[in-house]
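Work through the exercises below with the model open. Try each task before reading its solution.

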Amino acid sequence: MDDRVVLRVGAKILIPFILLFALYVQFHGDYGPGGGFQAGVIFAAAFILYALVYGLENAQRVLPTWVTHTCSAVGVMIYAGTGVVALLKGGAFLDYGALLHDAHHAQHWGIFSVEFGVLVTVFGVMVSIFYAFAGRGRVES
Amino acid sequence: MDAVIDIALLAFLGITALAILRLRNLFAVVMLSGIYSLLCALLYTTLDAVDVAFTEAAVGAGISTVLLLAALSLVGHEERKPVRRPVLPLFVVLVTGGMLVYGTSDMPPFGQPDNPAHLHVAPRYVEESGHEVGPPNIVTSVLASYRGYDTMGETTVIFTAVVGVLLLLHRGKGTRRPGSPKRAPDTGADESEAARGDDEAHG
């Protein structure tokens, strides 16, 4: 692991840009291709790259397993929670129009909220599955 | 020009698929399946389905490849030679493929404006989503607002997938690690090794 300097430095340079690109894909989804799903995958890819280059133990020190597991569930809760909030505000389930007075604003925030839920779930799921595969059958030495 | 690009991409797809079939080195197979996904993404781009292409490139070519490589680290890099000649599977594949090709003859011509897909709800999305929902990207409006229920279902499906994978593969605090002296007989490999160890102890 120690002799692959180019790989380690290269990964270190790339990771912040991958994270930034994921955020761009997330927040630019209204105007261009992209959205929560793609952004979640790209965000997860940054951590998976880190785990591939620096080892699973280091990656799990940055992003513990319980965080990824929690993310997987919390994202679905954010999505469904948006629907419940719309219900409580007097609309139908996932009817964003009920969230705020201005319909456009309400739609915007509703979409933002559910896309964020998708991002969190997809990110958590992808890293969790990678951890589950990579952490298996490896003898600690 | 479009036809040339389509033919070239589809030819590469066919070549990649055949190479995946012929190769026994699973590492190369995984890499080729990533290339297959990238070619699919390019095809979606030529069809103007940029969102789908993006997903295909990120999931199919990116994450799937990494997950398959992680799986390879568990199962080894060489595929065993099949013991029997796969006549029945070949027959099933040929019949299914033939039926699918036959089915395409009933499909409406590609790209016609009066196709069923363009007449049902699509005009409403194209014309009204701008002031009903707002985002300039209609795909986002459809996925997150018009079809919010569907997307919530998809998110739940992804969550269910990770629950399944973790139930099968995850080693939590309660389970023993492979290096520990007493093995938990939770997997096939561990079980056989544990059994062998018991035999030695008794003999």
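Four exercises follow, each with a worked solution.

This is a predicted model: local features need pLDDT of at least 70, side-chain atom pairs count only at pLDDT 80 or more, and totals for chains, interfaces and linings use all residues. Residues are numbered from 1 along each chain as its sequence is written, while chains are lettered from A and ligands numbered from 1 in the order in which they are written.

**Exercise 1. Place B:Asp51 and decide: buried or exposed?**

Start with the element. B:Asp51 sits in helix H3 (residues 50–75) of chain B; helices are DSSP runs of H or I, at least four residues, numbered from the N terminus. Next, count neighbours. B:Asp51 is buried, because 21 other C-beta atoms lie within 10 Å. The cut-offs are 20 or more for buried, 12 or fewer for exposed, and partly exposed in between, with C-beta atoms placed from the backbone. Finally, list contacts (C-beta atoms, placed from the backbone, within 7 Å). Leaving aside neighbours within four places in sequence, B:Asp51 touches A:Pro33 and B:Val139.

**Exercise 2. Describe how H5 (103–134) of chain A packs on H7 (138–146) of chain B.**

Take the axes, which are lines fitted to C-alpha atoms over the stretch in contact, with angles from 0 to 180 degrees between N-to-C directions. They come within 9 Å and cross at roughly 80°. H5(A) and H7(B) are therefore roughly perpendicular, the class for 65 to 115 degrees. Now name the residues. H5(A) supplies A:Gln107, A:Gly110, A:Ile111, A:Val114 and A:Glu115, and H7(B) supplies B:Thr140, B:Ala144 and B:Ser145.

**Exercise 3. Characterise the side of chain B that touches chain A.**

Count first: 40 residues of chain B contact 46 residues of chain A. Then find the elements. H3, H7 and helix H8 (148–169) of chain B each give two or more residues to this side. Last, sort by class: 25 nonpolar, 12 polar and 3 charged. Ala, Val, Leu, Ile, Met, Phe, Trp, Tyr, Cys and Pro count as nonpolar, Asp, Glu, Lys and Arg as charged, and the others, Gly among them, as polar.

**Exercise 4. Which element gives the most to the largest nonpolar core?**

Such a core joins buried Ala, Val, Leu, Ile, Met, Phe, Trp, Tyr and Cys residues through C-beta atoms within 7 Å. The largest has 57 residues, and B:Ile63 is among those with the most contacts inside it. H5(A) gives the most, with 17 residues. Now follow B:Ile63. Beyond four places in sequence, its contacts are A:Val41, A:Ala44, A:Ala45, A:Met126 and B:Ala58.

Methods. Two residues are in contact if their C-beta atoms, placed from the backbone, lie within 7 Å. Angles under 35 degrees count as roughly parallel, over 145 as roughly antiparallel, 65 to 115 as roughly perpendicular and the rest as oblique.
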